[in-house]
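Thanks for coming. I have one structure to go through today, and I will keep it plain. Please have the sequence and the model open.

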Amino acid sequence: MTQRKLLLPILGIAGIMLVVGFVTGQIGAKLQGKEEGILSVPHVVLIPDTIFHVGSVAVTNTLLSAWLTTVVLVLVFTLGTRKLSLIPGRLQGLLETFIEVLGDFINSVAGERLGRALFPILATMFLFVAFNAWIALLPIYPSMTVAIDEAHTTHVLRSAGTDINMPLALAIIAFVLAEFWGFKAHGLGYLREFVRVGALARGIMRFNPGAIFFGLIDAAVGVLEVVSHLIRLVSFTFRLFGSMLAGEIVLLMVTFLLTS
């Protein structure tokens with residue numbers, strides 16, 4: 001029942017976005033004969049465009065999208081929790097349902113004790129990625145453009161997930177937190193996960209060839225653990241980046257085919 005209450009508003013919002021996008025987006029422009037709103041040739045750019053500068057800091061269209069997502073999240077949760085009551089309103093009830101479902105999922109994976117501690121950061125990262133992807137479906141994203149120079153026009157807003165810097169930043173945060181919680185849960189004993197030379201040292205001291213052999217295997221496993229933890233930075237980054245970029249390319253191609 002809880003999941004159903006959460007699913008219905010999401011489907012309603014998605015339906016509204018679909019209708020608005022159909023009417024005011026590329027397909028609507030085609031039906032209304034507005035040639036200036038039609039995509040001519042699909043064009044995918046990996047590098048985000050700089051919209052303006054704040055001092056020496058370049059503000060890109062993906063950074064503006066990240067800021068917009070942050071503002072939307074803050075507004076939604078501020079409005080939803082401004083007047084908390086035992087009998088929640090629609091927005092408070094929706095947020096409570098969403099948080100309950102997300103919290104139950106995290107607890108089922110990490111356990112109730114660690115789940116409660118991990119919930120704030122994991123929920124924040126999930127909501128940021130999800131809202132950033134959902135907001136990017138709004139027609140305002142492809143319709144708002146700005147002239148960079150005489151020969152170059154770009155979108156003012158572009159999904160932050162299509163900029164590899166954002167997935168990389170989230171991957172670094174996740175990596176640091178995973179190691180932090182590893183040390184917090186196991187203390188310095190957490191290092192034994194990576195430095196496994198005890199069995200090898202005992203085998204050498206006892207001049208036991210079998211123990212030395214298995215000690216070498218154990219030490220190699222420790223090296224593999226170090227590599228596997230470092231590889232997570234790459235896997236986390238490119239899994240999110242690839243998913244977001246592929247989604248944008250698919251939407252662009254489908255729109256082009258429907259309006260051509």
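A word we need at the start is helix: here it means a DSSP run of H or I with at least four residues, and helices are numbered from the N terminus. With that in hand, Phe128 can be placed in helix 5. Keep in mind throughout that this is a predicted model.

Is Phe128 buried or exposed? Its relative accessible area is 15%, and buried means under 20%, so Phe128 counts as buried. Now find Val72, which is 56 residues away from Phe128 in sequence. In space, the C-alpha atoms of Phe128 and Val72 are 9.7 Å apart.

Let me step back to the whole chain. It has nine helices and four strands. Going along the sequence, the order is α-α-β-β-α-α-α-α-β-β-α-α-α. The chain has 260 residues, and 28% of them are buried.

Next, the second largest pocket. Its volume is about 1000 Å³. Which residues lie nearest its centre? They are Leu122, Met125, Ala174, Ala178 and Phe236, out of a lining of 28 residues. At least two lining residues come from each of helix 4 (90-110), helix 5 (112-135), helix 7 (165-186) and helix 9 (209-259). Helix 7 gives the largest share, with 12 residues. Sorted by class, the lining of this pocket holds 23 nonpolar residues, two polar ones and three charged ones.

Helix 9 brings me to another residue, Val226, which sits in that helix. The relative accessibility of Val226 is 34%. Partly exposed covers the range between under 20% and over 50%, so Val226 is partly exposed. Val226 and Phe194 are separated by 32 residues in sequence, while their C-alpha atoms are 5.9 Å apart.

Last, the surface. Which residues make the nonpolar patch of about 380 Å²? Phe52, Val54, Val57 and Trp67 do. One of these, Val54, belongs to strand 1, which runs over residues 50-54. Val54 has a relative accessible area of 48%. Exposed would need over 50%, so Val54 is classed as partly exposed.

To recap the three residues we classified: Phe128 is buried, Val226 is partly exposed, and Val54 is partly exposed. That is what I had for today.

Definitions and conventions
Residues numbered from 1 in each chain as written. Predicted model: local features only at pLDDT ≥ 70, side-chain atom pairs only at ≥ 80, totals over all residues. Heavy atoms only, no water. 1 Å grid on protein atoms, 1.4 Å probe; cavity = no way out; pocket = protein on both sides within 12 Å on 5 of 7 lines; lining within 4 Å. Points joined across faces, edges and corners; volume = space filled by probe spheres on them. Nonpolar A, V, L, I, M, F, W, Y, C, P; charged D, E, K, R; others polar. Patch = residues over 30% accessible without salt bridge, like charges linked within 9 Å, V, L, I, M, F, W, Y side chains within 5 Å. Areas by Shrake-Rupley, 256 points an atom, 1.4 Å probe, with all protein chains shown as cover. Salt bridge = Lys/Arg side-chain N within 4 Å of Asp/Glu carboxyl O. Buried < 20%, exposed > 50% of the residue type's maximum accessible area, 1.4 Å probe, protein only.
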